Amino acid sequence: MRKFKELAELFQELEKTSSNLKMIDILADFLKKISPEEGKITAYLLQGKIAPDYQGLELGLAEKLVIRSLALGLKEDINKIEKLYKETGDLGLVAEKLIKNTKEELTIKEVFEELKKIALSQGKGSQERKLQLLAILIKKSLPIEAKYLIRSVLGTLRLGASDMTFLYALSKVLTGSKEGKKILEHAFNVLSDLGQVAYIALSSGIDKLKNLDPQVGIPVRMMLAQRVKEIKEIKENIKNDVFVEVKYDGERVQAHLGDKEIFLYSRRHENITHQFPDLVSELRKINVKNAILEGEVVAIDKNGNLQPFQILMQRRRKYDIIEYSQKIPIVYFVFDLIYLNGKSLIQEPLDKRKEKLEEILSNKLKESEKIKLAKYEKVKSNDEDRIEKLFIEAIKIGGEGVMIKDSKSIYEAGVRAWRWIKFKKDYKDELVDTFDVVVIGGIYGTGKRAKTYGSLLVALYDPKKNKYYSFTKVGAGFTDEDLENLPKILDKYKIKEKSKLVEAEIDVDVWFEPKVVMEIKGADLTISPVHTVLKDKIKKGGIALRFPRFIRWRDDKDPTQATTIDEVYEIYKRQ
Ligand code: ATP
């Protein structure tokens, strides 16, 4: 059984390096030494979690409570801790400084078990219990252990090792190279659980993870689409017949119909079942043993007209759920079926999946207004006229455009390939598409914006390097209310120095951890000497967006799901 100190030392080593390759080596060396169970724990703690997202198990420890735990565990005066915290801005460092313990006793497993207990204590008196459990752990910690323990529980580890870094390291352990990465990534896309992938791989070998099937109750990472600017580009990318489908403006929902229970999952694998009791009761009527469906939930008005995403967002709430389900009715437009009656369909071509989907919904559809098949037509991929017509019809009924899907494509979990293509258009704007960018910095406002930020520095993502590159500064498009809310949304991610995941050359007043995603629109892409997107490739400067403006927050996306530098390069080339 490995000591927790070894994990803390691993974190320390990772913290010191900013090279992804080196991080892979460090992680691989560590994974070689530990048990499958410890591998699983390492994966979760690296992600700042104690369980996969879909289990919704959170520590629920606020800074204040951690400060009280430190005071209790170390028998120190709370004022002293608060003062040190003010000076350093990091409770991990405060703990490291104050701890005198030299007795090595904690194991990785023990720490994890205790953290789980903290997460599981809920309800009345739970805060007190959490506080005490953490205080006991602190008391048993060495300085270095406490530093990383505290940062883990507060979600401020910031080591820079992404899920992909971990999978590369795992591949290195199992195959000696990156050869196994594809299998591991597929397994991760199907299980949505890094810890479980590590556990299976380290205990049973990589073969166990080959061609893994989805399971009812466990969210599958969703298949994603490429984008085109003109319809004629479609035939260059897909030769088979295509399904041209309405692109609905709502929330993507994966519905898991089990023998007994039904689960709904969001794009980020949050369990959102409780938000849609109206949909759950309709799904129960579908006559299957079990199934996994995918579709878009869209708000409608009294007359059944589709409403924009913003209206649906009002359903995202803790209270008054029933009231709002009547106030804002919805339709679930189903477009895929990836599992049916005990059998995976992800390796089946889309036309087969559609056939089966229609079979299971056909008896039902007549009576259900809440569950409908997404509207589509099958056409030749070079039939530009027909695609254009379908696009216009889709816009007319309130869609954002169309999704064009290769009729022979399998369901590639978590992959953005040219099997699905999105085509959206905003006639008024020069630039076709919007960008989902990550906020990395803030510049204080003046005048009317004195109490908030005047503009935000935002970045695009590079999944290969796991880095964020500055792309533009956004100051327009915010309402007064948006502006007022900026500190509330962003300040919890304030950091003292630029994150090591961020490549930016501009000076800002405040740096943020790359966490918050927003959607923006702009006039055109240009080359700027101050921004860093693909600067190495373009030399004169980086690709940047001119005249950007804020559209909306994208809290359904995590930063690694932001627009990538490669996507923007494609748009830049066409422009
Ligand atoms: P992406 O999902 O590509 O990262 P995004 O979340 O910003 O991008 P869009 O660019 O608008 O969203 O397009 C993809 C999304 O469109 C899907 O994730 C899904 O929520 C939605 N969508 C609406 N209708 C469909 C459909 N018929 N088929 C697939 N996706 C659809």
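**Figure 1. Asp 462 and Lys 467 face each other across the β13–β14 hairpin.** In this predicted model, Asp 462 stands opposite Lys 467 in β14. Strands β13 and β14 form a hairpin in which 4 residues lie between them. Asn 466, in the turn, has a positive phi of about 55°. The pairing of β13 with strand β14 (residues 467-474) is antiparallel and extends over 7 bridges.

**Figure 2. Strand β13 also pairs with β12.** Strand β12 (residues 435-444) runs antiparallel to β13, and 6 bridges join the two. One of the paired positions involves Ile 443, whose bridge partner in β13 is Ser 455. Strand β13 (residues 453-462) is mostly covered, with 10 of its 10 residues buried.

**Figure 3. An open sheet of 5 strands has mixed pairing.** The strands follow the order β1-β11-β10-β2-β9. Strands β1 (224-227) and β9 (376-379) stand at the edges, each with a single partner strand, so one side of each is left without a neighbour in the sheet. Neighbouring strands of this sheet are turned against each other by 35° on average, direction ignored. In general, the strands of a sheet pair through backbone hydrogen bonds, in either a parallel or an antiparallel manner.

**Figure 4. Strands β10 and β11 are paired, and helix α18 lies across the sheet strands β2, β9, β10 and β11**. Strand β10 (residues 401-406) and strand β11 (residues 416-424) run antiparallel and are joined by 5 bridges. Within this pair, Val 402 stands opposite Phe 423 in β11. Helix α18 comprises residues 384-396 and runs at about 135° to β10.

**Figure 5. Ser 409 is buried in the loop between β10 and β11**. Ser 409 has a relative accessibility of 3%; this residue therefore counts as buried. The side chain of Ser 409 reaches the backbone oxygen of Asp 406 at 2.7 Å. Not counting residues up to four places away in sequence, Ser 409 touches Glu 348, Pro 349, Leu 350, Arg 353, Arg 419 and Trp 420. Ser 409 and Tyr 468 are 59 residues apart in sequence, and their C-alpha atoms are 31 Å apart in space.

**Figure 6. The ligand is surrounded by 20 residues**. Glu 245, Lys 247, Glu 296, Arg 416 and Lys 422 come nearest among these residues. In the side chain of Glu 245, an N or O atom is 2.8 Å from a nitrogen atom of the ligand. Two arginine side chains approach oxygen of the ligand: a polar atom of Arg 252 lies 3.1 Å from an oxygen atom, and a polar atom of Arg 267 lies 2.8 Å from an oxygen atom. Of the 600 Å² of accessible area that the ligand has on its own, the protein covers 94%.

**Figure 7. Asn 101 lies in the loop between α6 and α7**. Helix α6 comprises residues 91-98, and helix α7 comprises residues 108-120. A polar atom of the Asn 101 side chain lies 3.2 Å from the backbone oxygen of Lys 140. The side chain of Asn 101 also reaches the backbone oxygen of Ser 141, at 3.0 Å. With neighbours within four places in sequence left aside, Asn 101 is in contact with Lys 139, Lys 140, Ser 141, Leu 142 and Pro 143.

Notes
Residues are numbered from 1 along each chain as its sequence is written. This is a predicted model: local features need pLDDT of at least 70, side-chain atom pairs count only at pLDDT 80 or more; totals for chains, interfaces and linings use all residues. Side-chain values use heavy atoms; hydrogens and water are left out. Two strands pair if DSSP finds at least two bridges between them. Axes are lines fitted to C-alpha atoms, for helices over the stretch in contact, and angles run from 0 to 180 degrees between N-to-C directions. Contact means heavy atoms within 4.5 Å. A residue is near a molecule or strand if one of its heavy atoms lies within 4 Å of it. A polar contact is a pair of N or O atoms within 3.5 Å; within protein, one must be able to donate a hydrogen and the other to accept it, and residues adjacent in sequence count only if both atoms are side-chain atoms. Accessible areas come from the Shrake-Rupley method with a 1.4 Å probe; for residues, only the protein chains shown count as cover. Buried means under 20% relative accessible area, exposed over 50%, partly exposed in between (1.4 Å probe, protein chains only).
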